[in-house]
Amino acid sequence: MDEFMRAAIEEARKGLAEGGIPIGSVLVCDGRIIGRGHNQRVQKKSAVLHAEMDCLENAGRLSAAEYRKSTLYSTLSPCDMCSGTVLLYGIPRVVVGENETFKGPESYLSSRGVELELLDSDECKSLMRGFIREKPELWSEDIGK
């Protein structure tokens, strides 16, 4: 596993330690992390702070050219909201830790030209499975069920 997914997993663990949902994300441009974040819906009582949204917010305002040469790493398959943001800003590549506990609109992203790489990480799966087992109601809330 590369250093960038390791950083996303660190973010997921940070979110879990804060009492939140263990999903982490980093944005990489030109071989360096320019944004990082984790799901903060619980911690900040937010309707939209999924890991990817927190990551992009923390990256700050970027030019269209920077987005077009970036890669978004996420420990979990991005949901519709986060996938829409990938499309809106023209992020060309998304690396996903796992998509067994949740699968977002990956085929739609691919059909729109986004390159997807699935790592099928046991560590990412273990984090989510443990969380879902312990807090199923919170997980259902996060994915809109």
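## A tour from helix 1 into the sheet

Start by selecting residues 1–116. Over this stretch the chain is 39% helix and 24% strand, and its end C-alpha atoms lie 16 Å apart. The model is predicted. An unreviewed UniProt entry annotates residues 1–116 as "domain: CMP/dCMP-type deaminase".

**Stop 1: helix 1.** Select residues 3–17. These 15 residues form helix 1. From first C-alpha to last, helix 1 reaches 21 Å, close to the 21 Å expected at 1.5 Å a residue.

Now show Asp2 and Phe4. Asp2 caps the N-terminal end of helix 1. A side-chain oxygen of Asp2 sits 3.0 Å from the backbone nitrogen of Phe4.

Go to the other side of the helix, to Gly19. Gly19 comes just after helix 1 and has a positive phi of about 90 degrees.

**Stop 2: the buried residues of helix 1.** Which residues of helix 1 are buried? Select Phe4, Met5, Ala7, Ala8, Ile9, Glu11, Ala12 and Gly15. An α-helix has 3.6 residues a turn, so residues three or four places apart point the same way. Keep that in mind as you look along the selection.

What do these buried residues pack against? Colour strand 1 (24–29), strand 2 (32–38), strand 3 (70–76) and strand 4 (93–98), then add helix 6 (122–134). The buried residues of helix 1 pack against each of these elements.

**Stop 3: strand 3.** Select residues 70–76. Strand 3 is mostly covered, with 7 of its 7 residues buried. Strand 1 pairs with strand 3 in the antiparallel sense, over 5 bridges. To see one position in that pairing, show Ser25, which stands opposite Ser74 in strand 3.

**Stop 4: strand 4.** Move on to residues 93–98. Here 5 of the 6 residues of strand 4 are buried. Strand 3 and strand 4 run parallel and are joined by 5 bridges. Pick Leu72 and find its bridge partner in strand 4, Val94. Then trace the chain from strand 3 through helix 4 (residues 80–89) to strand 4: this β-α-β crossover is right-handed.

**Stop 5: strand 5.** Select residues 115–118, which form strand 5. Strand 4 and strand 5 pair in the parallel sense over 4 bridges. Stay on Val94, which stands opposite Leu116 in strand 5. Val94 is also the bridge partner of Leu72.

Finish with helix 5, residues 106–111. Together, strand 4, helix 5 and strand 5 make a right-handed β-α-β unit.

Methods. Residues numbered from 1 in each chain as written. Predicted model: local features only at pLDDT ≥ 70, side-chain atom pairs only at ≥ 80, totals over all residues. Heavy atoms only, no water. Helix = DSSP H or I, 4+ residues; strand = E, 2+ residues; numbered from the N terminus. Expected span 1.5 Å × (residues − 1). Buried < 20%, exposed > 50% of the residue type's maximum accessible area, 1.4 Å probe, protein only. Contact = heavy atoms within 4.5 Å. Polar contact = N/O pair within 3.5 Å; in protein donor to acceptor, adjacent residues only side chain to side chain. Pairing = 2+ DSSP bridges. Right-handed = clockwise from strand over helix to strand, strands pointing away. UniProt positions renumbered as here; feature names shortened; annotations may be inferred.
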